[in-house]
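Subject: Structure for you to look at

Hello,

Here is the structure I said I would pass on. Please open it first, then read the notes below it.

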2 protein chains.
Amino acid sequence: MEKKRKTGRPSRIQSVERALTLLEVLAQEDGEMTLTSLSQKVGWPKSTVHGLLATLRDFHYVDQSAETGCYKLGIRLFELGNQLSRSWDILDAAHPVMLRLCRELGETVQLGTEDDGEILYLEKLAPNSVVSILSEVGNRLPMHCSGLGKVLLAQKSPGELKSYISRGGLPALTKRTITTQAKLEKELARVREQGYAMDDGEITEGLRCVAVPIWDGTGSVRYAVSVSGQIPNMGGERLERIIRELQQAAEEISYAMGSRRKRMQT
Amino acid sequence: MEKKRKTGRPSRIQSVERALTLLEVLAQEDGEMTLTSLSQKVGWPKSTVHGLLATLRDFHYVDQSAETGCYKLGIRLFELGNQLSRSWDILDAAHPVMLRLCRELGETVQLGTEDDGEILYLEKLAPNSVVSILSEVGNRLPMHCSGLGKVLLAQKSPGELKSYISRGGLPALTKRTITTQAKLEKELARVREQGYAMDDGEITEGLRCVAVPIWDGTGSVRYAVSVSGQIPNMGGERLERIIRELQQAAEEISYAMGSRRKRMQT
DNA sequence: AGCACAATTCGGTATTGCCGAACACATATC
DNA sequence: GATATGTGTTCGGCAATACCGAATTGTGCT
């Protein structure tokens, strides 16, 4: 009553905000949580949380363990997430090409895009799937340290780059991560010149990654593909071959995207 | 004021119910929708729908097109869905084995489980990914017509089977679909005897699928794997080989699941 | 310009969801 | 076996909250 609401944005629905916040907390904890622990985590009364959870449960957005009564993320999120990803043309276009690349090179192949100032991994194909690479589909990483990110950053104007840096800074994930604007600008210039980007242990020590842009029909770059592996497997002759095949793959994907453009919504 | 609430279940939060209903509608339409069309679809005033959508948008559960202002499912669903699937042990255990199977046989390999009386597809590996098979990851199909479903149905007691039938009936997807209880019981007996199930064009004309159960440590069956392909490629000698390899794969997955059991939550 | 149709804002009303306390139930603990 | 802590769940009354209709702004089309 005294003040207007803090955020200038009008009319958000409290109970929906709270319900979604509960989902965020459950996602963050990444496992089962008791109603009570959720309740004290967010600081709302148990009964309030209970009502919200019951509603989410009815829609299968959360799942309640039959024995323990604990709550976790529900199956509907899996279904909706998959449905959403199926609606993206880029996956249709990129998947067969990535599959071939993964087999021929025997290394991990990834596809990413920029979302909200970060790299979002859309697809990952691993040859043996035993190797553990930090990035997973649906995960996010800063742009300035990943190969995919550098490719997309390299497309930006100086102003956009500056706003990226001022937004999240240049946090270091390893000692090799680029952390100054000057070095990043130099790196991006090289990316533009070479036509590909490299992450040399800047996310995870010992892991190297090369990435190239995917051009769409309008001449802009919204996606990038990459190949990553242990540094010993990613050098010399072999590296050159990888880059060559990667660039060819990107061209194929770009082409496939173009031919997929003839779709309209119903 | 007049009546109590229709459903006996207590205290569901209306605005959360409405917000989630909007997501369901957006998922069903599978594309962009205008606020107005959403509004009249659900029958609530525009301003009400607007508030709900604004809240969902803030959390990236819906996305609003910059140009058209239309709404669609948001990226957070993709992220949460993938995070959820990563928490399932079965995928870790099954994926490498499925990958090998897919390569060796050159056919589509799928993994499914029962959820809410239907088969839910958890993973799908296609050799060329050009072939279009009806089922997709995150999709659902009736149990009585799919190979995966028959495997899981075959584990049920007569009472459970009856309740399955009375719940959803035995709808026919093709002219070959089993639609009578007697035939289904006979079919399931054969499944138990043979150790595998077959779908012979019962979902899609011309498509055959063989499936086997995955046993967990406790001796129960919660998942099943299958191989599907065009009927000409799935007969005679080759079929026998497929079944043999499939059964071996299922054993490996079962074993891997067991060894993964030594995990506790933090 | 003017129209038609989009999304968005506004403010008053009473419906709605919030809250604290009491409940039921299970599992340890003594 | 009774006690103590831990769950999730229910209840009812108060008032804050979300709903609604109408008015507003914005955009594309004729």
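**The DNA strands**

The surface near DNA strand D is made of 5 nonpolar, 12 polar and 3 charged residues. In this count Ala, Val, Leu, Ile, Met, Phe, Trp, Tyr, Cys and Pro are nonpolar, Asp, Glu, Lys and Arg are charged, and the others, Gly among them, are polar. A residue is near a strand if one of its heavy atoms lies within 4 Å of it.

Before going on, note that this is a predicted model: local features need pLDDT of at least 70, side-chain atom pairs count only at pLDDT 80 or more, and totals for chains, interfaces and linings use all residues. Residues are numbered from 1 along each chain as its sequence is written, chains are lettered from A and ligands numbered from 1 in the order in which they are written, and side-chain values use heavy atoms, with hydrogens and water left out.

Which residues are the closest to DNA strand D? They are A:Gln14, A:Leu35, A:Thr36, A:His50 and A:Tyr71, out of 20 residues that surround the strand. Of the atoms of DNA strand D that come within 4 Å of the protein, 75% belong to sugar and phosphate. A polar side-chain atom of A:Tyr71 is 2.6 Å from a phosphate oxygen of DNA strand D, and an N or O atom in the side chain of B:Arg18 is 3.2 Å from a phosphate oxygen of that strand. A base oxygen of DNA strand D lies 3.5 Å from a side-chain N or O atom of A:Lys46. Helix 3 of chain A gives the largest share of this surface, 4 residues. Helices (H or I, at least four residues) and strands (E, at least two) are DSSP runs, numbered from the N terminus.

DNA strand C is also surrounded by 20 residues, the closest being B:Gln14, B:Ser15, B:Leu35, B:Thr36 and B:Tyr71. Here sugar and phosphate make up 77% of the strand's atoms that come within 4 Å of the protein. A backbone N or O atom of B:Gln14 lies 2.4 Å from a phosphate oxygen of DNA strand C, while for a polar side-chain atom of A:Thr48 the distance to a phosphate oxygen is 2.8 Å. Helix 3 of chain B contributes the most to the surface near DNA strand C, with 4 residues.

**Where the two chains meet**

In chain A, 56 residues are in contact (heavy atoms within 4.5 Å) with 56 residues of chain B. About 4800 Å² is buried between the two chains, 62% of it on carbon and sulfur atoms; buried area is the accessible area (1.4 Å probe) that two parts lose on being put together, summed over both. A:Leu20, A:Phe59 and A:Phe78 provide 13% of what chain A buries against chain B, more than any other three residues.

The interface holds 6 salt bridges, each a side-chain nitrogen of Lys or Arg within 4 Å of a carboxyl oxygen of Asp or Glu. One of them joins B:Arg140 to A:Glu79, with the closest N and O atoms 2.8 Å apart. Helix 4 of chain A supplies the largest share of chain A's side, 12 residues.

**One buried arginine**

A:Arg208 lies in strand 7 (residues 207-215) of chain A. Why does A:Arg208 count as buried? Its relative accessibility is 15%, and buried means under 20% (1.4 Å probe, protein chains only), with exposed over 50% and partly exposed in between. The side chain of A:Arg208 reaches the backbone oxygen of A:Met234 at 2.7 Å.

Regards

Notes:
Polar contact = N/O pair within 3.5 Å; in protein donor to acceptor, adjacent residues only side chain to side chain.
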